[in-house]
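Please read the following briefing alongside the sequence and the coordinates, which are shown first. The points after them are grouped by topic.

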Amino acid sequence: MKPYLREHVPTTLSDIPNTTAYEAGYLVTKNAGWRNVRPVIDVEACVGCLQCYLYCPDGVIYKDGGKVAVDYDFCKGCGICKTICKAGAIEMEAET
Ligand code: SF4
Ligand code: SF4
């Protein structure tokens with residue numbers, strides 16, 4: 001499942017969550033700040049097989065008009081989607 005961002009501004013110490021997630025399916029902060037490469041999908045080459053969607057460990061690839069797209073707020077740049085894509089439709093590009 002694609003995570004959702006829920007803004008959380010703690011007002012007391014006990015309000016501060018122990019991890020970046022405090023409720024299933026939600027994160028309190030974007031976690032892509034340390035990514036040094038990002039997957040870029042060539043929608044012309046993509047055949048819509050959804051293997052990347054199924055294998056992304058963070059669930060941040062979503063269906064988009066018969067193809068797929070990446071939620072860059074949460075993608076960690078692991079490259080599993082590129083490895084699994086048999087159509088060669090994903091390239092990892094350096095973050096600038
Ligand atoms: S694995 Fe490749 S071809 Fe299949 S949906 Fe993902 S990007 Fe498209
Ligand atoms: S690089 Fe990793 S986290 Fe990002 S979309 Fe691909 S599989 Fe998911």
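C81 counts as buried because its relative accessibility is 9%, where buried means under 20% relative accessible area, exposed over 50% and partly exposed in between, computed with a 1.4 Å probe on protein chains only. This is a predicted model, in which local features need pLDDT of at least 70, side-chain atom pairs count only at pLDDT 80 or more, and totals for chains, interfaces and linings use all residues, while side-chain values use heavy atoms and leave out hydrogens and water. Residues are numbered from 1 along each chain as its sequence is written, and chains are lettered from A and ligands numbered from 1 in the order in which they are written.

**Overall fold**
- The protein has two helices and six strands, which follow one another from the N terminus as β-β-β-α-β-β-α-β; helices (H or I, at least four residues) and strands (E, at least two) are DSSP runs, numbered from the N terminus.
- Along the principal axes, the C-alpha atoms of the protein fill a box of roughly 50 × 25 × 20 Å, and 27% of the 96 residues count as buried.
- Among the contacts in the protein with a separation of 6 or more, 56% come from residues 24 or more positions apart, a contact being heavy atoms within 4.5 Å.

**Ligand surroundings**
- Ligand 1 is surrounded by C46, V47, G48, C49, L50, C52, V68, C85, A87 and I90, each with a heavy atom within 4 Å of the ligand.
- The shell around ligand 1 contains nine nonpolar residues, one polar residue and no charged ones, with Ala, Val, Leu, Ile, Met, Phe, Trp, Tyr, Cys and Pro counted as nonpolar, Asp, Glu, Lys and Arg as charged, and the others, Gly among them, as polar.
- The residues around ligand 2 are P39, C56, P57, V60, I61, C75, K76, G77, C78, G79, I80 and C81, and this shell divides into nine nonpolar, two polar and one charged.

**Cysteines**
- C46 counts as buried because its relative accessibility is 10%, whereas C49, at 43%, counts as partly exposed.
- C49 lies in the loop between β3 (37-41) and α1 (51-55), and its C-alpha atom is separated by 9.2 Å from that of G66, 17 residues apart along the chain.
- Zero disulfides are found in a search of the whole structure, the criterion being a pair of cysteine sulfur atoms within 2.5 Å.

**Aromatic rings**
- The charged end of R38 sits over the ring of Y72 at 4.1 Å from its centre, which requires NZ of Lys or CZ of Arg to be within 6 Å of the ring centre and within 35 degrees of the ring normal.
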